[in-house]
Amino acid sequence: MARKVVVLTAIALLSMVAVAFAEANPQVAAAGLNVYFGAVLAAGLAIGIAALGTGIGQGIGLRGAVEGVARNPEASGKITVTMLIGLAMIESLAIYALVVALILLYAYPMATPIAKMIGLPM
Amino acid sequence: MEHPIFFLTKLLEVLGLGHFAHAYPHVTFTWLIMLLLIIFGWIATKAIQLVPFGGQNLFEAVIDGVENFQVEVMGEHGRVFFPMIATFFIFIFFSNVMGLIPGFFSPTANINTTLACALIVFITTHIVGVKFHGPKYIKHFLGPIWWLAPLMLPIEIIGHLSRVLSLTLRLFGNIMGEDLVLGILLLLAGQFLAPLPMMFLAVFTSFVQAFIFSLLSMLYISGAMEHAH
């Protein structure tokens, strides 16, 4: 937990200090800020596109299940169980994308080297 | 996001285990769940009768349901694995739901717990396969056509390793994601009871994730027991 707090502080400081260092060393500061922006943008896009694919996939699966129940209402119990299992499988793909987005936001892998590069005490 | 406050961590601080409890909340809350389940089991079987009543009735319904479902999926020779699968189901369901109570933490919201459960399933699958088939177990990895075997072997090995990854990440991502959403809603609009609709969804997805984990373990173990293609 302490390490997470330190890394988060490094990222927050980076975003503030990068502007201050712009006069001192504009190239390095701009590179650090670019990487930060890229990580946040990537996290947002990751979960958005994953939700898109999951929505379409689960909708198609749900359509099959509802058609099956409409055709044969007696089998509704088994069809519902199978549909729920299928939906959980498809949902797990969106969860993988969520884990990647959270890694980008909270466990940003290059925070320490970039902070060292800019010159923060790490 | 600030560091959340957990009841059990505060209690253990009083007892002197503060540093351990702060660093490893998933371990201490797993102990709590173990204690709760042992107490429930003891209460249910304290005065066991032939015609069940009360707590014994509830637990008989749960255990019976899980066992019937398992025999339906795995067949009769899979009955031996019932204690492990039922333990996974009950433990994961309880630990998922525990995270919804304010002041408590889900052990399964930490990747160490879910990785441990997935590794147990993975190792059991292969031990069962070797025990049932002996050295012929390698045929499961070689595919139906013999001259495609050098291609199928790495693909099958990667597929088996990805089972561990998928079991871990599915459970971890679902539970940590839902705890995170509840925490954020609490910070944003807690006084308007904003987390409440999410909590209803969270109870449902907690049950579904526990069910999916135990169902997939059943399928993997029965896949190791059956004959190759």
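**Helix 6 and helix 9, chain B**

I looked first at how helix 6 and helix 9 of chain B run relative to each other in this predicted model. The axes of helix 6 (residues 111–133) and helix 9 come within 8 Å and cross at roughly 20°. Angles under 35 degrees count as roughly parallel, and I therefore entered helix 6 and helix 9 of chain B as roughly parallel to each other. Helix 6 of chain B passes helix 9 of chain B in a right-handed crossing.

I then listed the residues that make this contact. Helix 6 of chain B contributes B:Val121, B:Thr124, B:Thr125, B:His126, B:Val128, B:Gly129 and B:Phe132. From helix 9 of chain B come B:Ser217, B:Tyr220, B:Ile221, B:Ala224 and B:Met225. Sorted by class, the residues of the contact between helix 6 and helix 9 of chain B are seven nonpolar, five polar and no charged.

**Helix 6 on its own**

I checked the length of helix 6 of chain B next. Helix 6 has 23 residues and reaches 33 Å from its first C-alpha to its last, close to the 33 Å expected at 1.5 Å a residue. Just after helix 6 of chain B, I found B:Gly134 with a positive phi of about 70°.

Which residues of helix 6 of chain B are buried? I noted B:Thr113, B:Thr114, B:Cys117, B:Ala118, B:Val121, B:Thr125, B:Val128 and B:Gly129. An α-helix has 3.6 residues a turn, so residues three or four places apart point the same way. I also looked up what the buried residues of helix 6 of chain B pack against: helix 3 (25–44), helix 5, helix 7 (139–142), helix 8 (149–189) and helix 9 of chain B.

**Helix 5 and helix 9, chain B**

I turned to helix 5 (residues 82–98) of chain B, whose axis comes within 9 Å of the axis of helix 9 (residues 195–225) of chain B. The two axes cross at roughly 160°, and helix 5 and helix 9 of chain B are therefore roughly antiparallel to each other. I recorded the crossing of helix 5 and helix 9 of chain B as right-handed.

On the helix 5 side of chain B, the contact residues are B:Ile85, B:Phe88, B:Phe89, B:Ile92, B:Phe93, B:Asn96 and B:Val97. Among those they meet in helix 9 of chain B are B:Val203, B:Phe207, B:Gln209, B:Phe211, B:Phe213 and B:Met218. The contact of helix 5 with helix 9 of chain B has twelve nonpolar, five polar and no charged residues.

**The loop before helix 9**

I looked up B:Ala194, which lies in the loop between helix 8 and helix 9 of chain B. Is B:Ala194 buried or exposed? B:Ala194 has 15 C-beta neighbours inside 10 Å and therefore counts as partly exposed. Leaving out residues up to four places away in sequence, B:Ala194 touches B:Leu185, B:Leu188 and B:Ala189. I also took the C-alpha separation of B:Ala194 and B:His133, which is 54 Å for two residues 61 residues apart along the chain.

**Chain A**

I closed with chain A, which has four helices and zero strands. Of its 122 residues, 14% count as buried. Among contacts in chain A with a separation of 6 or more, 71% are between residues 24 or more positions apart.

For the contact between the chains, I noted nine residues from chain A and ten residues from chain B. The side of chain A that touches chain B has eight nonpolar, one polar and no charged residues.

Key: Residues numbered from 1 in each chain as written. Chains lettered and ligands numbered in written order. Predicted model: local features only at pLDDT ≥ 70, side-chain atom pairs only at ≥ 80, totals over all residues. Axes fitted to C-alpha atoms, helices over the stretch in contact; angles between N-to-C directions. Helix = DSSP H or I, 4+ residues; strand = E, 2+ residues; numbered from the N terminus. Parallel < 35°, antiparallel > 145°, perpendicular 65-115°, else oblique. Left-handed = near helix turned anticlockwise from the far one by under 90°. Contact = placed C-beta atoms within 7 Å. Nonpolar A, V, L, I, M, F, W, Y, C, P; charged D, E, K, R; others polar. Buried ≥ 20, exposed ≤ 12 C-beta atoms within 10 Å, placed from the backbone. Expected span 1.5 Å × (residues − 1).
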